[in-house]
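Welcome! Here are some short exercises for you to try on the structure below. Each task is followed by a worked solution.

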Amino acid sequence: MGENVPALLLKKIRNRSARVGVIGLGYVGLPLAVEFAKRGYPTVGIDLDPVRVRSLRGGRSYIPDVPQGEIARLIRQKRFTATTDYAALRRLDAVMICVPTPLRKTREPDISCIVAASEALARHLHRYQVIILESTTYPGTTEEVILPMLQKRGLKVGADFFLGFSPERIDPGNPEYKTSSIPKVVSGVTPACRRVIQLLYGQVIQRVVPVSSTRVAEMVKLLENTFRSVNIGLVNELALMCHRMGVDVWEVIDAAKSKPFGFMPFYPGPGLGGHCIPIDPLYLSWKAKVHGFEPRFIELSSQVNASMPEYVVQRVIHALNAQGQALKGSRILVLGVAYKRDVSDVRESPALEIIQHLQKGGALVRYHDPFVPRLHLDGYRHRSLPLTRANLAKAHCVVIVTDHRSVDYPLVLRHARQILDTRNVLQKRLRKVIRL
Ligand SMILES: NC(=O)c1ccc[n+]([C@@H]2O[C@H](COP(=O)([O-])OP(=O)(O)OC[C@H]3O[C@@H](n4cnc5c(N)ncnc54)[C@H](O)[C@@H]3O)[C@@H](O)[C@H]2O)c1
């Protein structure tokens, strides 16, 4: 180990007595905090939301991937505590920042939560504390934004405190890969920072991948999510093209994926959703523009992907037309409003835009989603409708937006009059099933 890292800190990390903190207890922060707590580190979660903190203190999880029993057990054993008070930072050896990184109305990065967390850290920073940013953000954030704030009080990075960036790759709803089994890219502002951060994550994550700088680590995350956005954009455009040409895009992808090298299947859909894929590439394009570079792929794929909800509505209108039914006055049942299968998260979900467009056109829209019991949008306040024979038969068109695994699709197929299957979950070529 490097001479800059004090032996006591290394020892505390190795013998799991280091006190760990996580700022921001959402989809990313809570599973991470639980992972450290489970491995024996005394762990504190800090969140500004008193409702979330109260819930955790009462042993209740609000993140589907974190089991109820686990939180209750860790709280009972006092291995995990939650607070709204930043003063807890004073007692911590290592702190991970997992706060949101949304966009402003102007579609530019909004890093105000990172700044707020860093201000709090700067107030409580002490010698040999380790700080790691996990929020997805543009390359340069750790060194240009956080580092100057932490150094203000005269402590020196790499000697008095340690700072780095490690992108979060968690995939909510994915039962195969969890926090500890997803390889983790780690970086530090200095080599000593990287070494201590690598050691820390190495205790709880099966494989740690060190890179040379925080900028590289920040860019890794943006490459991964831009890769998805661009490929989804490509396949969405291909779907539009195939529809125009009378070719079945699903069959094309299915056959193409038999190629054992050089091809990776992506699938068309109703549009992007969630906190990552629609947003992260715009963090990168904003920063590229600051450097005078005009990124073309990102803008193009964002445009194509953003046009999909409107395209779905056009396809609904055509489907209704074939029944001699206008959109105005039609009854539409949207199946699935979460942004992806088997999660309850509706942030940026294409279903929201689809519902709003349909409503504006005069349709009466109801929805069913086993993960989302209530949905409140502007001018739309409904509960998830039970998926019954009568409710299915009543709708002029059932629009499958999210392909949750637990939905009774044979029931849908039997009783719906017309189905627009945007995910090809039914895998059926029937007259009443329309696909993208
Ligand atoms: N959700 C994902 O699948 C995912 C995957 C990889 C990376 N990320 C990235 O991780 C970061 C966090 O995302 P998330 O989905 O966990 O967000 P989230 O909204 O689920 O949780 C964020 C939490 O931070 C809290 N918070 C906000 N500002 C705070 C502050 N100043 N101090 C303390 N707490 C504060 C909020 O109350 C909330 O509980 C984002 O940068 C996101 O892009 C998310």
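**Exercise 1: The surroundings of L9**

Apart from neighbours within four places in sequence, L9 is in contact with D93, Y128 and V196, where contact is defined as C-beta atoms, placed from the backbone, within 7 Å. Before you start, note that the model is predicted: local features need pLDDT of at least 70, side-chain atom pairs count only at pLDDT 80 or more, and totals for chains, interfaces and linings use all residues. Residues are numbered from 1 along each chain as its sequence is written.

Task: Is L9 buried or exposed?

Solution.
- Step 1: Locate L9, which is found in helix α1 (residues 7-14); helices are DSSP runs of H or I with at least four residues, strands are runs of E with at least two, and both are numbered from the N terminus.
- Step 2: Recall the cut-offs: buried is 20 or more other C-beta atoms within 10 Å of the residue's own, exposed is 12 or fewer, and partly exposed is in between, with C-beta atoms placed from the backbone.
- Step 3: L9 has 21 other C-beta atoms within 10 Å, so L9 is buried.
- Step 4: Look along the chain too: L9 and A94 are 85 residues apart, and their C-alpha atoms are separated by 9.7 Å.

**Exercise 2: Positive phi**

Task: Where are Y128 and D342 found?

Solution.
- Step 1: Start with the background: most residues other than glycine have a negative phi.
- Step 2: Y128 is not a glycine, yet has a positive phi of about 70°. Y128 sits in the loop between α5 and β5 (129-133).
- Step 3: D342, also not a glycine, has a positive phi of about 65°. The loop between β9 (331-335) and α13 (350-360) holds D342.
- Step 4: With 17 other C-beta atoms within 10 Å, Y128 is partly exposed. D342 is partly exposed with 18.

**Exercise 3: Two helices that pack**

Task: At what angle do α5 and α6 pack, and which residues meet?

Solution.
- Step 1: Helix α5 (residues 112-124) and helix α6 (residues 141-151) pack at about 35°, with axes 8 Å apart. Axes are lines fitted to C-alpha atoms, for helices over the stretch in contact, and angles run from 0 to 180 degrees between N-to-C directions.
- Step 2: I114, V115, S118, E119, L121 and A122 of α5 meet T141, V145, I146, M149 and L150 of α6.
- Step 3: Sort the contact of α5 with α6 by class: 8 nonpolar, 2 polar and 1 charged residues. Nonpolar means Ala, Val, Leu, Ile, Met, Phe, Trp, Tyr, Cys and Pro; charged means Asp, Glu, Lys and Arg; the others, Gly among them, are polar.

**Exercise 4: The length of a helix**

Task: What span should helix α12 have?

Solution.
- Step 1: The expected span of a helix is 1.5 Å times one less than its number of residues.
- Step 2: Helix α12 (residues 308-322) has 15 residues, so α12 should span 21 Å.
- Step 3: Check the ends: the end C-alpha atoms of α12 are 21 Å apart, which agrees.
- Step 4: Among the buried residues of α12 are M308, Y311 and V316. After α12 comes G324, with a positive phi near 75°.

Definitions and conventions: Two residues are in contact if their C-beta atoms, placed from the backbone, lie within 7 Å.
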